[in-house]
Amino acid sequence: MDFNLSEEHLAVQAAARDFAQTELLAGVIERDTVQYFDPALLRKMAELGLLGMMVAPEYGGGGMDTLAYVLAMEEISKIDASAGVIMSVNNSLVCWGLEKYGTEDQKQRYLTRLASGEIIGAFCLSEPEAGSDATSQHTTAFPNGDHYLLNGTKNWITNGGTSSVCLVIAQTHPELRHKGINVLIVEKGWEGFSVGKKEDKMGIRASDTNSLMFLDVKVPAGNRIGEDGFGFKFAMNVLNGGRIGIAAQALGIAEGAFELSLKYSKERKTFGKPIAEHQAIQFKLSEMATKIEAARLLVYRAARLKDEGKDYVQAAAMAKLYASEIAMWVTTEAVQVHGGYGYVKEYHVERLMRDAKITQIYEGTSEIQKLVIARELLK
């Protein structure tokens, strides 16, 4: 086992860290408060190559491996988890899915623009009655000549308001249940496609999350990805990889909270000495650091397995489960270390605590990760 990062990996890590510290940090509290992500920052992320990191250069991407992507996600999410989830969806779910399973025509029309950051993508799976139970798709896409008629509603869609292209999971053959589901590439602006109000969320507030509605939207048959009935398998496959990105986001959130706590513990004094000299605080810091290191190894291992072409389903689920659980625990402890100051926005840790919670929910709840792990163990 080699735990050393290559020069390329270290360069990616340093570039992402520098961008997060110099560009994202200054306005992160305000963006959280007003629930808005500055398009200028998104353009800078695109210029830095953060939106299509794993896409082949021939399609406008960076041609990097999963570990490089994880390192960048980690650094971005230490500072701004909203930027992290925008990046995660475009990289892991949209670009990766298109490059892996799309036709050459689909890649030329959509992937090149998504990878370069010219446009942003969204992944549309969840519905009012289809969250963890992804087989219960009520959105329908029925063939009608040379196109599909798409009808239904999608909920909790990251990049829902700002995306130009959506990958929509819909039921075509209800009698076949999950084997009758398809995935369609749908463009914003097509007749019958409307965007609902932005959700007022607990965390990742600068990232826009919307409901999307489809009323007799005509989707060309050529915009279906894969064979008829491939949609559910497509969704599960991209989510397996996406979980590595969210695990990296959770890891970054935990690290960000820990670094703030470590710094604060050396500055804040009680009973005549820095609180870092009190054993109660030392124990908290020690446990935080240990859990973060364990999470890091799980996340990096999952990325390595994916890069080596090995089965990474169980590893990704373990990484996502553990990293998200410790993100919630570490951020809660970080607020405790900061005391009353941790409860106000100025010190950042209350925001990180709010941001951590969603990592236990989206791209498969912690409970779903346990089911995935159990299924893999019992094969």
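Colleague: Why does Cys 166 count as buried?

Modeller: This is a predicted model, and in it Cys 166 has 0% relative accessibility. Buried means under 20%. Cys 166 therefore counts as buried.

Colleague: What makes Cys 124 buried or exposed?

Modeller: Its relative accessibility is 0%. The cut-off for buried is under 20%, so Cys 124 counts as buried.

Colleague: Why is there no bond between the sulfur of Cys 124 and the closest cysteine sulfur?

Modeller: That closest sulfur is in Cys 166, at 4.2 Å. A disulfide needs the two sulfur atoms within 2.5 Å. The sulfurs of Cys 124 and Cys 166 are therefore too far apart for a bond.

Colleague: How many disulfides does the structure hold?

Modeller: The count is 0.

Colleague: Why is strand β4 called largely enclosed by the rest of the structure?

Modeller: β4 covers residues 165-171, and 7 of the 7 are buried, so the strand is largely enclosed.

Colleague: Which residues of β4 point one way, and which the other?

Modeller: Val 165, Leu 167, Ile 169 and Gln 171 point one way. Cys 166, Val 168 and Ala 170 point the other way. All are buried. In a regular strand, side chains alternate between the two faces of the sheet.

Colleague: How do you know that β1 and β4 pair?

Modeller: Pairing takes at least two bridges. Strand β1, residues 121-124, is joined to β4 by 4 bridges, so the two pair, and they run parallel. Phe 123 stands opposite Leu 167 in β4.

Colleague: What makes β5 a partner of β4?

Modeller: β5 spans residues 181-187 and pairs with β4 over 7 bridges, in the antiparallel sense. At least two would do. The bridge partner of Val 165 in β5 is Glu 187.

Key. Residues numbered from 1 in each chain as written. Predicted model: local features only at pLDDT ≥ 70, side-chain atom pairs only at ≥ 80, totals over all residues. Heavy atoms only, no water. Buried < 20%, exposed > 50% of the residue type's maximum accessible area, 1.4 Å probe, protein only.
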